[in-house]
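Colleague: I would like a close look at one part of this model, taken slowly and with its surroundings in view.

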Amino acid sequence: MVAPKNIKQLQDASRDLTVRRTDTFTYVVESRSNPRANHTVTVSFDSAGRKVKTRCTCEWAVYQGIACKHVLAALEHMASQKERTLSFWHDEDRARRQKHKLFQLVGDEKKDRNHIWITSRNAS
């Protein structure tokens, strides 16, 4: 799995995307590169609710990328339903310094260590 180098730029871009929930952990996110297309994002959590695994139908994700802008948009949408907002980090220490609820967006844990850290805080 490959983590993006420009996570903050992707986070900004993800905020402009329209997201629609189709069931508990499935979201349809608009595609900006093809206005007639959408991407499907699925989200799952480990039993402790701290590790997040996602799948997206976009080209980046199909070729083993994690944390595409569609995934970030879907996760932010989920958080907004609980009146929360998210920030995404490459570095665990920086994420922990935020002193907010912490999650980990993971790829294939057996094969790699490319993870993105997510902090969640009240939206207000």
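In which strand does E30 lie, and which residues does E30 touch, not counting residues up to four places away in sequence?

Modeller: Bearing in mind that this is a predicted model, E30 lies in strand 2, which covers residues 26–30. Leaving aside residues up to four places away in sequence, E30 touches D16, L17 and T18, together with A37, N38 and H70. Among these partners, T18 deserves a separate word: T18 and E30 are twelve residues apart along the chain, and their C-alpha atoms are separated by 5.6 Å. The side chain of E30 also takes part in this pairing, since one of its polar atoms lies 2.8 Å from the backbone nitrogen of T18. A polar contact of 3.3 Å, this one between two side chains, joins E30 to R32.

To set beside this site, there is the largest pocket of the model, whose volume is about 400 Å³. Its lining consists of 18 residues, and those closest to the centre of the pocket are F45, M78, A79, K82 and F103. Helix 3 (69–80) supplies at least two residues of that lining, as do strand 5 (84–89), strand 6 (101–105) and strand 7 (116–122); helix 3 gives the most, with three residues. Sorted by class, the lining of the largest pocket holds ten nonpolar residues, alongside four polar and four charged ones.

Terms used: Residues numbered from 1 in each chain as written. Predicted model: local features only at pLDDT ≥ 70, side-chain atom pairs only at ≥ 80, totals over all residues. Heavy atoms only, no water. 1 Å grid on protein atoms, 1.4 Å probe; cavity = no way out; pocket = protein on both sides within 12 Å on 5 of 7 lines; lining within 4 Å. Points joined across faces, edges and corners; volume = space filled by probe spheres on them. Helix = DSSP H or I, 4+ residues; strand = E, 2+ residues; numbered from the N terminus. Nonpolar A, V, L, I, M, F, W, Y, C, P; charged D, E, K, R; others polar. Contact = heavy atoms within 4.5 Å. Polar contact = N/O pair within 3.5 Å; in protein donor to acceptor, adjacent residues only side chain to side chain.
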